[in-house]
Amino acid sequence: MSALTVRQVRRRYLTLYGLRWLPTGLMIPVMILLMQERGLSLPQIGLVGTAQGLLVLALELPTGGLADALGRRPVLLAAGVLNLASLALFAVADSFWLFFVVWALQGVYRALDSGPLESWYVDATLAADPEAEYERGLGYAGTVVGGAIGAGALLSGGLIALGPIGPVTALTVPVLAAIVAQAGALVALVVLLAEERPASGAAALRASVVQAPRMIGQAVGLLRRSRVLLALVAVELFWGFGMVTFESLLPVRLAEVIGNPERAAALLGPANSAAWIASAAGAALTPLLLRWFGAAPGAALLRILQGVTVVGMGLFAGPIGVLVAYLACYAVHGASNPLHSGLLHRQVDGPYRTSVLSLNSMMAQPAGALGGVVLTALAAATSVSTAMVVGAVVLAVAAPLYLPAWLAGRRSAPAVEPTAVLAPAERQATQ
């Protein structure tokens, strides 16, 4: 990895990251509609989606440990192959159980895909320059993902507008395009992701599977010992709970202020595309936020601002106000993610990096499920506005959890390396 410069690593990371999200952008406009076209009801669609959520929750940590033990490249290649298989099956699936298998494959894919590419980028950057500020690349990645999803969604809409191609229905055409895009992403992964691994082959795979639980245990042990890391991971609990406001309650709120669910649904399509663009723009501000506020204060401020935007969604009287608050929410969301990820990486050494990322990501899963139950029940019992304000408060009260990271940064600046929170024995375990 050290043969690459910081700029080369960043360029490869952003290219691979954009290619990873392009198939998702192609699929977003057609996933639900295509399953309905193939005969599934909305309740059935909800049920098949649970296959993905359950498998991600179950496999998030084991796959993170496997990536740390075996290497990021083989795990990412396996993830890409599974995604390609799930897209191919999605193109021909015509029953509940086939779609259930599709989403099960997606669950395994997302668990394998969660973290290794970002971990490779950070470790490769630090190998090229131990003093490099990789937060800049993480911010650019947020911009790239917004652009990739937005471009994919626009391309998908254009392909649908072209109509059916022979026996292929209009809604299936974007799926075929997503298959081609995923195949291209796999080729790019083989070419661009360079990783030094001590061994390969069947023996290395068996050893890595045995070693993965130890990697997970070390990551959890690090979490117990580091007050800073524990606080950062706890932020995900509040975020997972509060995100229900802008992912699930916003459509209901918009229909409420418009007074017409059909008109609200028509507005949501362009609004979603604009939200991703806003998220990309917010992520592009990462270097400025780092310069003006610093990572921890900037992240704390953005959590409070996100709560304010959700309050706006809940209390503004007209659709324009609600949508402006919605776009602002996504802009803040895009800006806050790179800062949070950068702070997380600063507390972790290479061998356990993906495991800790998986642990951080996993925290949002149960919190999101709890938020979905609590906030929707509160909306039914009181009002959607009340539920959104409660969710906004939960988002904002996470801000003080960045205080330990800020204090640690002030104490350690400028001499302490990112591995300072690890015990001496753990610092010897390098890749």
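**Following helices through a predicted chain**

The crossing of helix α4 and helix α6 is left-handed, a term used when the near helix is turned anticlockwise from the far one by less than a right angle, whereas a clockwise turn makes a crossing right-handed. This is a predicted model, in which local features need pLDDT of at least 70 and side-chain atom pairs count only at pLDDT 80 or more, while totals for chains, interfaces and linings use all residues. Residues are numbered from 1 along each chain as its sequence is written, and side-chain values use heavy atoms, with hydrogens and water left out.

To place that crossing in the model, look for α4 at residues 72-92 and α6 at residues 116-128, whose axes come within 9 Å and cross at roughly 150°. This makes α4 roughly antiparallel to α6, since angles over 145 degrees are given that name, while those under 35 count as roughly parallel, 65 to 115 as roughly perpendicular and the rest as oblique. The axes are lines fitted to C-alpha atoms, for helices over the stretch in contact, and the angles run from 0 to 180 degrees between N-to-C directions. On the α4 side, R72, V75 and L76 meet P116, L117, S119, W120 and D123 of α6, where contact means heavy atoms within 4.5 Å. Sorted by class, the residues of this contact are five nonpolar, one polar and two charged; Ala, Val, Leu, Ile, Met, Phe, Trp, Tyr, Cys and Pro count as nonpolar, Asp, Glu, Lys and Arg as charged, and the others, Gly among them, as polar.

Stepping back to the whole chain, one finds 19 helices and zero strands, where helices (H or I, at least four residues) and strands (E, at least two) are DSSP runs numbered from the N terminus. Of the 431 residues in the chain, 52% are buried, a word that stands for under 20% relative accessible area, with exposed meaning over 50% and partly exposed in between (1.4 Å probe, protein chains only). Among the contacts in the chain with a separation of 6 or more, 84% are between residues 24 or more positions apart. The accessible surface of the chain is about 18300 Å², and 70% of it belongs to carbon and sulfur atoms.

Another pair of helices can be set beside the opening one. Helix α10 (residues 227-242) and helix α15 (residues 319-345) have axes 10 Å apart and pack at an angle of about 150°, which makes α10 roughly antiparallel to α15. The crossing of α10 and α15 is left-handed, and the contact joins L229, L232, V233, V235, E236 and W239 of α10 to H333, H340, L343 and L344 of α15. By class, this contact holds seven nonpolar, two polar and one charged residues.

The pair α7 (residues 135-161) and α8 (residues 173-192) has axes that come within 8 Å and cross at roughly 135°, so α7 is oblique to α8. Here α7 passes α8 in a right-handed crossing, with S156, L159 and I160 of α7 making the contact with V173, P174 and A177 of α8. The residues of the contact of α7 with α8 are five nonpolar, one polar and no charged.

Single residues can now be followed across the chain. R20, in helix α1 (residues 6-27), is buried, with a relative accessible area of 11%. Not counting residues up to four places away in sequence, R20 touches Y109, R110 and D113, and its C-alpha is 8.6 Å from that of A181, although R20 and A181 are 161 residues apart in sequence.

L395 sits in helix α17 (residues 384-396) and is buried, with a relative accessible area of 2%. Leaving aside neighbours within four places in sequence, the contacts of L395 include W239, G242 and M243, and also R303, Q306 and V310. The C-alpha atoms of L395 and M243 are separated by 8.0 Å, with their positions 152 residues apart along the chain.

A93 belongs to the loop between α4 and α5 (96-113), and this residue is buried as well, with a relative accessible area of 0%. Its contacts, apart from neighbours within four places in sequence, are R38, L98, F99 and V102. S279, found in helix α12 (residues 261-284), counts as buried at 7% relative accessibility, and it touches Y330, A331 and G334, not counting residues up to four places away in sequence.

Conventions: Areas by Shrake-Rupley, 256 points an atom, 1.4 Å probe, with all protein chains shown as cover.
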